Amino acid sequence: MTNGQINCFLKVVDEGSFAKAAAALFISQPAISKSISKMEEELGFDLLERKIGALQPTAAGRALYHFFKTSLENYNELIAEIQASLSKLSGTVRLGCPETWNPSKFYDKIIEHFERLYPSVSLSLECGSIPHLISKLQSGKLDIIISHEFHPPVQYGFTVRRLTDTGCGLLYSNAYFKDVQSLSDLKDVDFLHFDSDVEKKFSTLVKRVCQNSGFYPSFKNCGQFASALFKMSCGQGVMFFTDWDNAINNSSYTYLPLDYRCTVNIIYPSVAQNAKTHIFAEELIKLFG
């Protein structure tokens, strides 16, 4: 039984007519009839009967009608109470994201959404390395982290949920690599990464993708992101990037898409000290879902 079927049933009883119910719901009369028939078939008893040209609910139909009406009224009252409570929220929600990301890919969308729903709550954004952000989350200095799936395991007590996904690919310097048509054109080039658990997991993905293209990649550890980006700019290798990363907007580089989607997660305490954290986590899921 679906919400649509229930709405059709309630409207038919209210209007006393399939035709009037169809007009009120802006759907066809056959669709209304089919919806009621499926509902009756699922329940195993009749909901409506015709008496002297009028359409009326059966005894079972009346019982269900009152049940659904009461439930709907209770639901609407509860939602109104929740919305009234949420509108009183105030304070700051502290978000963290990787330092390589371009905030315009996600932050403006978040700001616009939360300013409309919760004008008394402000958002702060902090960028940094994933280990640094997770350390701040664990110490309570951040409320929520937005990260790719390639994050180090977090300790027990934190919730990790899928937010959305992005495309991913390889970034290389236009000045040093010409006429790159496919991944195999980069088979003799170093794949640069920096020393963190995140990059190790990126490397595992790159190995799998490259092997599907018929070669095994050569990796070079640059120690830090800035060093890896500098070497890439000098033509000393290529780097794995995602659509949310910042450097792909630089005209000096070319972005070679890979046939893979990268998951974006949110991470937050399972039992948050700040009540706003869980509310905002749910809103983020709905916003990007």
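**Two cores, a helix and a loop residue**

In this predicted model, the largest nonpolar core has 32 residues, and the ones touching the most other members are Leu-171, Leu-183, Leu-186, Phe-191 and Phe-241. Two or more residues apiece come from β6, β7 (190-193), α7, α8, β9 and β10. The largest share belongs to β10, which gives five residues. Nonpolar side chains in soluble globular proteins do tend to be buried together.

Phe-241 is worth a look on its own. Setting aside neighbours within four places in sequence, Phe-241 is in contact with Cys-168, Gly-169, Leu-171, Phe-225, Leu-229, Asn-246, Ala-247, Ile-248 and Tyr-255. There is also a second, separate core of 24 residues, and Trp-101, Tyr-107, Leu-123 and Ala-281 are among them.

Ala-281 leads on to helix α9, where it is one of the buried residues, along with others including Phe-280, Leu-284, Ile-285 and Phe-288. The helix runs over residues 275-288 and spans 21 Å from first C-alpha to last, close to the expected 20 Å. Its buried residues are covered by elements that include β3 (91-98), α5 (107-117), β4 (121-128), β5 (144-148), β6 (158-173) and β10 (253-269).

Gln-236 sits in the loop between α8 (225-233) and β9 (238-242), and is partly exposed, at 38% relative accessible area. Beyond its neighbours within four places in sequence, Gln-236 is in contact with Asp-190, Leu-192 and Lys-231. Tyr-176 is 60 residues away from Gln-236 in sequence, with 8.6 Å between their C-alphas.

As for confidence, the chain has a mean pLDDT of 83, with 90% of residues at 70 or more. Among its elements, α7 (residues 197-212) has the lowest mean, 73, and β5 the highest, 89.

Methods
Residues numbered from 1 in each chain as written. Predicted model: local features only at pLDDT ≥ 70, side-chain atom pairs only at ≥ 80, totals over all residues. Heavy atoms only, no water. Helix = DSSP H or I, 4+ residues; strand = E, 2+ residues; numbered from the N terminus. Expected span 1.5 Å × (residues − 1). Buried < 20%, exposed > 50% of the residue type's maximum accessible area, 1.4 Å probe, protein only. Contact = heavy atoms within 4.5 Å. pLDDT = per-residue confidence, 0-100. Core = buried A, V, L, I, M, F, W, Y, C linked by side-chain atoms within 4.5 Å.
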